[in-house]
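Subject: the structure to look at

Hi,

Here is the structure I promised to pass on. Have it open while you read, and my notes follow underneath.

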Amino acid sequence: MQYVTVQQMRKIEEAAVKKGTALSTLMENAGKAAANEAMAMMRHNASVVTFAGYGNNGGDGLVAARYLLKSDYQVKTFLVGSSKSFSPKTQENYDALIKLNHKPEEIATIEEIEKAFVSSFNPALVIDAIFGIGIRGVLDNFYIKLIDKINALAVPTLAVDIPSGLDADSGEPLGAVVRATETVTFGCAKAGFKNPKAKQYIGTLVIVDIGL
C-alpha cells in the first residue's frame, strides 16, 4: 500500500489537473464513490445524514448526497461551522442540490447542534464530510461537541477521504475524531493512517481511484 503526505497528495492532484482532469471531475468522482460505498452499507430507501463542511471535502459530501437522493434514499444534509463562502466547486454542488429541492440545514452554534440531534434522530448511516486532509491545529469546542454527538449515535459512519479531526500526516487526533465504520479515501492512503492509534477511527479502509 502506498502512503502519501498531504503535500504529496496536493502535488498528485495538481499533476492530474495539468494533464487535463478538471477539479470538478475529481469532486464528482469522489462524491459518487462515497455514495456507492454508502449504498453498500445500508438497505435501499434507508435514511442517511451527511455532515458537510464548506471546503472541498464538504463538496464531496454534497455530491454523495445528490447521488443518494437520486437513488431514492432518505437524505438529510447539514452544513456545519460558521457560515462562509464555499470553495467554487463546492458551491456548484450545493447549487445542484438546491435544484433538486434539497436545501441543506446549517449548524453553526452548539445550541443548533443540540436541536439537530433530537431524540428521534436515528439515521441508518452517517456520512462524515466535515474536514479533509488539510485541517491543522486542535479543533474548537463547537467541532468537538459535534463529533462527540456523531460518535454517540452508535450507527455506521462513512468518512469521506479521512475521518474528521484526524491529522492526515501524523494520524494523531486533533481534539476529537469521528469514529468511522469505513473510510473511503481517494488516490492513496494517507501517511497518518500508518499510526496504530488511527485505526480505531478509520475502520475499514477503502481506496478509490477518482482519476488522479
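Just after helix α3, Asp72 takes a positive phi of about 70°. Keep in mind that this is a predicted model, so everything below is read off a prediction.

Now step back into α3 itself. How far apart are the end C-alpha atoms of this helix? They are 21 Å apart, and that agrees with the span you should get for the 15 residues of α3 (residues 56-70) at 1.5 Å a residue. If you try the sum yourself, multiply 1.5 Å by one less than the number of residues.

Is α3 mostly covered or mostly open? Mostly covered: 11 of its 15 residues are buried. Among them are Asn57, Asp60, Leu62, Val63 and Leu68, and Gly61 and Ala65 are buried as well. Hold on to Gly61 and Ala65, as both turn up again with Thr50.

Thr50 sits in strand β2 (residues 47-52). With a relative accessibility of 0%, Thr50 counts as buried, because the cut-off for buried is under 20%. Which residues does Thr50 touch, once you skip those up to four places away in sequence? The answer is Gly61, Ala65, Lys76, Thr77, Phe78 and Ile127. Gly61 and Ala65 belong to α3, while Lys76, Thr77 and Phe78 fall in strand β3 (residues 74-80).

Thr50 has buried company in its strand: five of the six residues of β2 are buried. β2 and β3 run parallel, and six bridges join them. To find one spot where the two strands face each other, look for Ser47, which stands opposite Gln74 in β3. A general point for when you turn the view: in a regular strand the side chains alternate between the two faces of the sheet.

On to helix α2 (residues 23-40). Its 18 residues should span 26 Å at 1.5 Å a residue, and the end C-alpha atoms are indeed 26 Å apart. The buried residues of α2 include Leu26, Met27, Ala30, Gly31 and Glu37. What do the buried residues of α2 pack against? They pack against α3, α4 (88-99), β5 (125-129), β6, β7 and β9 (204-208).

β7 is worth a stop of its own, as Thr183 is found there. Thr183 is buried, with a relative accessible area of 0%. Leaving out neighbours within four places in sequence, Thr183 is in contact with Ala159, Asp161, Ile162, Pro163, Phe193, Tyr201, Ile202, Thr204, Leu205 and Val206.

Next, the charged pairs. Side chains of opposite charge can pair when their charged atoms come close. How many salt bridges does the model have? The count comes to 10, and here are three to look up:

- Arg10 and Glu13: their closest N and O atoms are 3.9 Å apart, which makes the cut because the limit is 4 Å. Both lie in helix α1 (residues 6-18), three residues apart, about one turn of the helix. Arg10 is partly exposed at 34% relative accessibility, and so is Glu13 at 27%.
- Glu114 and Lys145: these side chains meet at 3.0 Å, N to O. Glu114 is in helix α5 (residues 110-116) and Lys145 in helix α6 (residues 141-152), so the pair ties together parts that are 31 residues apart in sequence. Together with Lys149, Glu114 and Lys145 are linked in a network of salt bridges.
- Lys197 and Glu172: here the side chains meet at 2.8 Å, N to O. Lys197 lies in the loop between β8 (189-190) and α7 (199-202), and Glu172 in the loop between β6 (157-160) and β7 (182-186), so this pair ties together parts that are 25 residues apart in sequence. Lys197 is partly exposed at 42% relative accessibility, and Glu172 is partly exposed at 29%.

Last stop, the surface. Met1, Tyr3 and Ile207 make a nonpolar surface patch of about 310 Å². Met1 lies in the segment before β1 (3-4). Is Met1 buried or exposed? Exposed: its relative accessibility is 67%, and the cut-off for exposed is over 50%.

Have fun turning it around!

Notes:
Residues numbered from 1 in each chain as written. Predicted model: local features only at pLDDT ≥ 70, side-chain atom pairs only at ≥ 80, totals over all residues. Heavy atoms only, no water. Patch = residues over 30% accessible without salt bridge, like charges linked within 9 Å, V, L, I, M, F, W, Y side chains within 5 Å. Areas by Shrake-Rupley, 256 points an atom, 1.4 Å probe, with all protein chains shown as cover. Helix = DSSP H or I, 4+ residues; strand = E, 2+ residues; numbered from the N terminus. Buried < 20%, exposed > 50% of the residue type's maximum accessible area, 1.4 Å probe, protein only. Contact = heavy atoms within 4.5 Å. Pairing = 2+ DSSP bridges.
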